[in-house]
Amino acid sequence: MNKITTLLIVVFSIALVMVFIVELIIKRNTKIFIIEIMLMAAFTYLLHRYMGFPNYRQSFGGISPLSTIILMFISAALGICAHYIYYLKPTSKIFSRDLFKALLITPLILLPLLNSINDNTELGTVQLVSFNFLAFQNGFFWKEIFNKLNSN
């Protein structure tokens, strides 16, 4: 993983754990809190084991593609927001804790895309647009994929 991806995962993981703690204080449901923390620990372990997290390596031929990663991050976040709004019930609030929690997983959604472009040294305009479209699509359909995995 590159430096920006590593930083995004660290920042959003800390924010997600903080949300878990706030929910523990508000709802006083320790069972859910323990499950969420165990899942975060398992995720962190898998990242460390298979990707060397939190160590990073420079990709894209030594040039940091900050603008590409930021655009992909925004596209995935917009996909999550679009999914949330598309399935929003008329009685629900637009901005809720559920949307905030969903946005915190944006770096996780981007991992497969970012790893698929690590070997490329240059990205053309068509590739950049394609990766941003895929980031939006991953953001929009993240919940359906997790629901299907849970039902199996």
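This short talk describes the helices, their packing and the nonpolar cores of one protein model.

Good morning, colleagues. I should state at the outset that the model is predicted, and every value I quote has been computed from it.

I begin with the overall build. The protein has six helices and zero strands. Read from the N terminus, its elements therefore follow the order α-α-α-α-α-α. Of its 152 residues, 34% count as buried. As for the contacts between residues at least 6 apart in sequence, 78% of them join residues at least 24 apart.

I turn next to helix packing. Two packed helices are described by the angle between their axes and by the distance between those axes. The first pair is H1, residues 3–27, and H2, residues 30–51; their axes lie 9 Å apart, at an angle of about 170°. H1 and H2 are therefore roughly antiparallel to each other. The crossing of H1 past H2 is left-handed. On the H1 side, the contact is formed by Ile9, Ser13, Leu16, Val17, Phe20, Ile21, Glu23 and Leu24. On the H2 side, the residues are Thr30, Phe33, Glu36, Ile37, Met40, Phe43 and Leu47. Sorted by class, the contact between H1 and H2 contains eleven nonpolar, two polar and two charged residues.

H1 also packs against H5. Here the axes come within 10 Å and cross at roughly 160°. At that angle, H1 is roughly antiparallel to H5. The crossing of H1 and H5 is again a matter of handedness, and it is left-handed. From H1, the residues Thr5, Leu8, Ile9 and Phe12 meet Pro107, Leu111 and Leu114 of H5. By class, this contact of H1 with H5 comprises six nonpolar residues, one polar residue and no charged residues. Ile9 thus deserves a second mention: Ile9 takes part in the contact with H2 and also in the contact with H5.

Let me move to the interior. Which residues of the largest nonpolar core touch the most other members? The core has 18 residues, and the answer is Leu8, Met72, Leu110, Leu113 and Ala135. At least two residues of this core come from each of H1, H2, H3 (66–86), H5 (106–116) and H6 (125–151). H1 gives the most, with six residues.

Leu110 offers a closer view. Setting aside neighbours within four places in sequence, Leu110 is in contact with Met72, Phe73, Ala76 and Ala135. Apart from the largest core lies another one, of five residues, including Ala102, Ile105, Ile109 and Trp142.

I close with two individual side chains. The first is His83, which is found in helix H3. Is His83 buried or exposed? His83 has a relative accessibility of 7%, and because buried means under 20%, this residue counts as buried. Leaving aside neighbours within four places in sequence, His83 is in contact with Phe140, Lys143 and Glu144.

The second is Gln137, in helix H6. Its relative accessibility is 31%, so Gln137 counts as partly exposed. Gln137 and Leu78 stand 59 residues apart in sequence, whereas their C-alpha atoms are 9.4 Å apart in space.

To summarise, H1 packs roughly antiparallel to H2 and roughly antiparallel to H5, and H1 gives the most residues to the largest nonpolar core. Thank you for your attention.

Conventions:
Residues numbered from 1 in each chain as written. Predicted model: local features only at pLDDT ≥ 70, side-chain atom pairs only at ≥ 80, totals over all residues. Heavy atoms only, no water. Axes fitted to C-alpha atoms, helices over the stretch in contact; angles between N-to-C directions. Helix = DSSP H or I, 4+ residues; strand = E, 2+ residues; numbered from the N terminus. Parallel < 35°, antiparallel > 145°, perpendicular 65-115°, else oblique. Left-handed = near helix turned anticlockwise from the far one by under 90°. Contact = heavy atoms within 4.5 Å. Nonpolar A, V, L, I, M, F, W, Y, C, P; charged D, E, K, R; others polar. Core = buried A, V, L, I, M, F, W, Y, C linked by side-chain atoms within 4.5 Å. Buried < 20%, exposed > 50% of the residue type's maximum accessible area, 1.4 Å probe, protein only.
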